Amino acid sequence: MEFSEVYCFNCKKILGRYNTKFYSEDRINELVNTTYSTHIRNGHQVNIRKFEKN
Ligand SMILES: [Zn+2]
């Protein structure tokens, strides 16, 4: 299974993991902008990276 991981460099933690089967890239971007908006507003660098997990 392929997951998209939302990671914050400033907090040094994973904010969330989303199965790409259920969440499109656009949906994840939308989630980042809404759910994790406080990080972005605080100038945190939020990154989305993909990884495979079986
Ligand atoms: Zn953060």
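**A hairpin and its turn**

Guide: β1 and β2 make a hairpin with 4 residues between them, and Lys 12 in the turn has a positive phi of about 50°. Strands here are DSSP runs (E, at least two residues) and helices are H or I runs of at least four, numbered from the N terminus. This is a predicted model: local features need pLDDT of at least 70, side-chain atom pairs count only at pLDDT 80 or more, and totals for chains, interfaces and linings use all residues. Residues are numbered from 1 along each chain as its sequence is written.

Visitor: How many bridges join β1 to β2?

Guide: Two strands pair if DSSP finds at least two bridges between them. β1 and β2 run antiparallel, and the bridges joining them number 6.

Visitor: Which residue in β2 does Glu 5 stand opposite?

Guide: β1 covers 2-8 and β2 covers 13-19. Across from Glu 5, in β2, stands Arg 17.

Visitor: Is Lys 12 buried or exposed?

Guide: Lys 12 sits in the loop between β1 and β2. Buried takes 20 or more other C-beta atoms within 10 Å of a residue's own, exposed takes 12 or fewer, and partly exposed is in between, with C-beta atoms placed from the backbone. Lys 12 has 7 such neighbours, so it counts as exposed.

Visitor: What is the radius of gyration of the protein chain?

Guide: Along the sequence, the chain follows β-β-α-α-β. The globule rule (2.2 Å times the number of residues to the power 0.38, with the radius taken over C-alpha atoms) is the yardstick. That rule gives 10 Å for 54 residues, and the chain is as compact as a globular protein of that length because its radius of gyration is close to that, at 11 Å.
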